[in-house]
Amino acid sequence: MSAQDGVTQTRSTGVFAQLLRRPGSAFGLALIALIVFCALTASHITPYDPNDQPFDGLTIEGAPIAPNADHWMGTDLLGRDLMSRLIVGAQTSLIIGVVANGLSAILGTAVGVAAGYFGGLTATVLMRFTDLMMAFPALLLAIVLAAIFEPSLWIVAMVIAMVNWVQMARVVYTETRSLTERDFIQAQVSMGSGPVRVLLRHVLPHLLSSIVVFSTLGISTTVLLEATLSYLGVGVQPPTPSWGNIIFENQTYFSSAPWLVFIPGVAILLMALAFNLVGDALRDILDPTLKGRHG
Amino acid sequence: MIATIDTEQINPAGSNDSPVPLLQVKDLTIQVATPDGGKTVLDGIGFSLMPNEVLCLAGESGSGKSLTAMAIMGLLPKPAARITAGQILLGGKDLVGLAEADFRKLRATRVAMIFQEPMTSLNPVMTIGEQITEVLRAHQDITASAAESAALELLKEVRMTSPERRLKQYPHELSGGMRQRVVIAIALACQPDVLIADEPTTALDVTVQAEILDLIAKLQERAGTAVIMITHDMGVVAEIADRVIVMRAGKQMETSTVRQLFASPSTDYTRALLAAVPRLGSVSASAAAPVRENKATVVEVNELSVRFPVRGGLLNRVQQNVHAVEKVSFSINAGETLALVGESGSGKSTIGKALMSLLPFEGEIRINGRATRGLSRRSLRGVRRDVQMIFQDPYASLDPRMTVGDQVAEPLLVHALASGQELTDRVEWLFKRVGLPADAMRRHPHEFSGGQRQRVCIARALALNPKLIVADECVSALDVSVQAQVLELLRELQEEEGLSYLFISHDMAVVEQVSDRVAVLYAGQVVETGPASAVLGKPRHAYTQRLLSAVPIPDPEHKRSPFVRSTQELVSVMHAVGTSPERQLLQNHGDDHWSARAAG
């Protein structure tokens, strides 16, 4: 049994199994599984065509129908079945929430870690650029980028990532700086470890908790940013539904048909919550100093 | 409870003019919540504090001394810790279970506390004057101007230099010793009956410690305040205490007068504790005499200077330089220990870091004949195999997320010296070498005690078979008994492997024990250097003499001669761009003993 095996062994006693054992993260995993299932099988499980505007989809007065036995979540202002749109919208929102947010987390972490660890000129250049991006109106930037490229879901995801990485970079930069001052990093350097090794093996694991918390919080932000872009016509093109644009399309009906805003809002909240629960548990499981403190 | 010679049981019952105790702690028991239920961390502590008395709670870390103080102050962390039994009687009133609002009235007016770290116990964004008047006005009905003049009086009382100016200054503008004076002034502002001082001098330099202890003793004498002093330092105990309670793992081991404790300790634990305390002057001259063999020079340092630029102004240009190390030269032979001593800010740690090539420097450092300045990262690797470092805080210098086995293996992997089974064997051997069981490899740093962690750090430093180990205050964070074991391990390794040490320390007694030669640093320059016995036994330079005279002696019968306070302010190491401090020229006194001519 080598010293190296020590780690792999403790880590591999099923991170997944450990996630399932905790009630919080098990619930989170179940939610994520449900959302992924909806996204993958959307066209097969929707009760109605999400883009169909049937004649009986609105009341006589032309108002949306409240949730009932036929339409479990009611219909929207064009008479489309809300539940069907929500299920199909899961595709868009999942891609935006996971891909856009994941990209921005990776980009932000890379910039923050590099600036924080190397300091000096590297830090000045990277962080001033970050400040510049922060000062630039995010929405304007997104609109410009989205206008240059042909609007599509993937482009929207990229655009959101380009706008959203700055906060992560700031947080990671500050933490890396204080971490770099710590003795154990100095000890690593003094025994001859190169920067790549120090960063990957000794700095990144300590940033995990901030990264997890920050990127799960980012999920709801990015989903809503996508909605804003769609609303302005540079995001996902109608009639393709996304949770964000369902809220935006229907917000004028908020007082007369609150479910149209409430239900997709809850969906976004649950997605963020699910990732947050899993991320939180993951952080605890991967932190050896917390071992044995959680049941 | 073992051997409790309880004065409280003799005194009050008895006789004539015995005064009423100010504070009585009876059978105090504290539990902390753990996942497996309550764990008793303080077990039946009992003592009484007379007016005008200095009572020391002495013990190693985890003995429950601070917890006792926190309980008296009503500052126990809630709900983690709670008092499960016992009484704390302050003037006959039980403080256990007292409401927070009532406690607040008692704090500062009846019981006040001084904390260990003067920087963190002062508010960095408030002036000294504001912080003192705040306490006064919170507890007394006085006007702002009256409070201010009272604050000025207090600063004079704690012998602060130019007190009028200090009122307007912020904590960061003061030195550590001055900050602690402010903390004391705040604690004494409302003339409390009881002053609790929790390791008030541990974070301070030894000369400052001597001044602060002196100050506490003087103030206590004059105002009649009773003092509970918490300390791990038996020298401090001998110096200031009237009575001592020795604690260990939450239990009261021994209670006696200070003379009795040092003359005839009644428990084995106290005896062991006292025996482990390093004493200055205990190493006989013959034993400490360096073995002058013609061995190879491992490290040669020539005119080493380290400067840190201080930037400022509109264009962020360098305005001043901190001359942390100024033209220092020394060499270390194989199997030899050179100690760097000096107070904080003298540049000793900076020299260690320069040796490890952890910061840019000027001058020349040759390790095993190879100059290290200006080497690329790749070429530095080879040098780094020859010189390794042990840090002060073993917990901070280990990656908390990695098993210690992996961490000891790390240097071997980095230098591609071993892999697979060979690596495992080598790591196992290293663990055995430093006296740790092989199964410790799979554990994480937080699962070890302080001494064990330092052993892990030593194992890691040994992994590359270095010629030199830079030990930066490597035993300062450890309890004395553990300290002795770690020093013994270092000595053994030196004998068997022919290691050289650069031993950086502020503790003169430890330095005397381990070093062959000593270099005394003051404001970045060497002011005295030579064989340990000569420098510590017959110090030539005024600064060395002052440093040695400030060391508390762990023996109440032989208190050190009154400490001579320095009239000078500390020499600043900040210099304008282009200027350098005056060079200290060394003069030979024979037998390789050199000292600077100018008085420090």
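Okay, let me start with one pair of residues: B:Leu23 stands opposite B:Leu90 in β4 of chain B. Before I go on, keep in mind that this is a predicted model. So where does that pair sit? Strand β1 of chain B, residues 23-34, is joined to β4 of chain B, residues 81-90, by eight bridges, and the two run antiparallel.

Now stay with B:Leu90, since there's a second partner to talk about. In β5 of chain B, B:Lys93 is the bridge partner of B:Leu90. That strand, β5, covers residues 93-94 of chain B, and β4(B) pairs with β5(B) in the antiparallel sense over two bridges. What do β4(B) and β5(B) form together? A hairpin, with two residues between the strands. One to click on in the turn is B:Gly91, which has a positive phi of about 55 degrees.

While we're on positive phi, let me show you two residues that aren't glycines. B:Asn52 has a positive phi of about 70 degrees, and B:Ala108 has one of about 75 degrees. For B:Asn52, look in the loop between β2 (37-49) and β3 (54-59) of chain B. For B:Ala108, go to the loop between α3 (100-106) and β6 (111-114) of chain B. Buried or partly exposed? B:Asn52 counts as partly exposed, because it has 15 C-beta neighbours inside 10 Å. B:Ala108 has 21 C-beta neighbours inside 10 Å, so that residue counts as buried; the cut-off for buried is 20 or more.

Another buried one, this time in a helix. B:Ile212 is found in α8 of chain B, residues 206-223. Why does B:Ile212 count as buried? Because there are 23 C-beta neighbours inside 10 Å. Leaving out residues up to four places away in sequence, B:Ile212 touches B:Gly177, B:Gln180, B:Pro200, B:Thr201 and B:Leu204. And if you want a ruler check, B:Ile212 and B:Asp399 are 36 Å apart, C-alpha to C-alpha, with their positions 187 residues apart in sequence.

Right, on to the sheets further along chain B. There's an open sheet of five strands, in the order β15-β14-β11-β12-β21, with antiparallel pairing. The edges are β15 (370-371) and β21 (574-576) of chain B, each pairing on one side only. Inside that order, β11 of chain B (residues 297-312) and β14 of chain B (residues 362-367) pair in the antiparallel sense over five bridges. If you want a spot to zoom in on, B:Val301 has B:Ile365 in β14(B) as its bridge partner.

Then there's an open sheet of eight strands in chain B, and here the pairing is mixed: β16-β17-β18-β13-β19-β20-β23-β22. Its edge strands are β16 (387-390) and β22 (586-588) of chain B, each with pairing on one side only. From one strand to the next, the twist averages 20 degrees. Within this sheet, six bridges join β19 of chain B (residues 517-522) to β20 of chain B (residues 525-531), and those two run antiparallel. B:Val520 stands opposite B:Glu528 in β20(B).

Now let's swing over to chain A. How many helices and strands does chain A have? There are 11 helices and zero strands. The C-alpha trace of chain A spans about 80 × 45 × 30 Å along its principal axes. Of its 295 residues, 40% count as buried. And for contacts in chain A with a separation of 6 or more, 70% come from residues 24 or more positions apart.

One helix I'd pull up is α7 of chain A, residues 153-181. It has 29 residues, so at 1.5 Å a residue it should span 42 Å, and its end C-alpha atoms are 42 Å apart, which agrees. That said, α7(A) bends by about 35 degrees at A:Asn164.

Last stop, where the two chains meet. The contact takes 24 residues from chain A and 33 residues from chain B. On the chain A side, the elements giving two or more residues are α1 (3-12), α8 (183-190) and α9 (195-231) of chain A. Which of these gives the most? That's α8(A), with six residues. By type, the chain A side divides into eight nonpolar, 11 polar and five charged residues.

Note on methods
Residues numbered from 1 in each chain as written. Chains lettered and ligands numbered in written order. Predicted model: local features only at pLDDT ≥ 70, side-chain atom pairs only at ≥ 80, totals over all residues. Helix = DSSP H or I, 4+ residues; strand = E, 2+ residues; numbered from the N terminus. Buried ≥ 20, exposed ≤ 12 C-beta atoms within 10 Å, placed from the backbone. Contact = placed C-beta atoms within 7 Å. Pairing = 2+ DSSP bridges. Expected span 1.5 Å × (residues − 1). Bend = angle between axes of the 7 residues up to and from the residue. Nonpolar A, V, L, I, M, F, W, Y, C, P; charged D, E, K, R; others polar. Axes fitted to C-alpha atoms, helices over the stretch in contact; angles between N-to-C directions.
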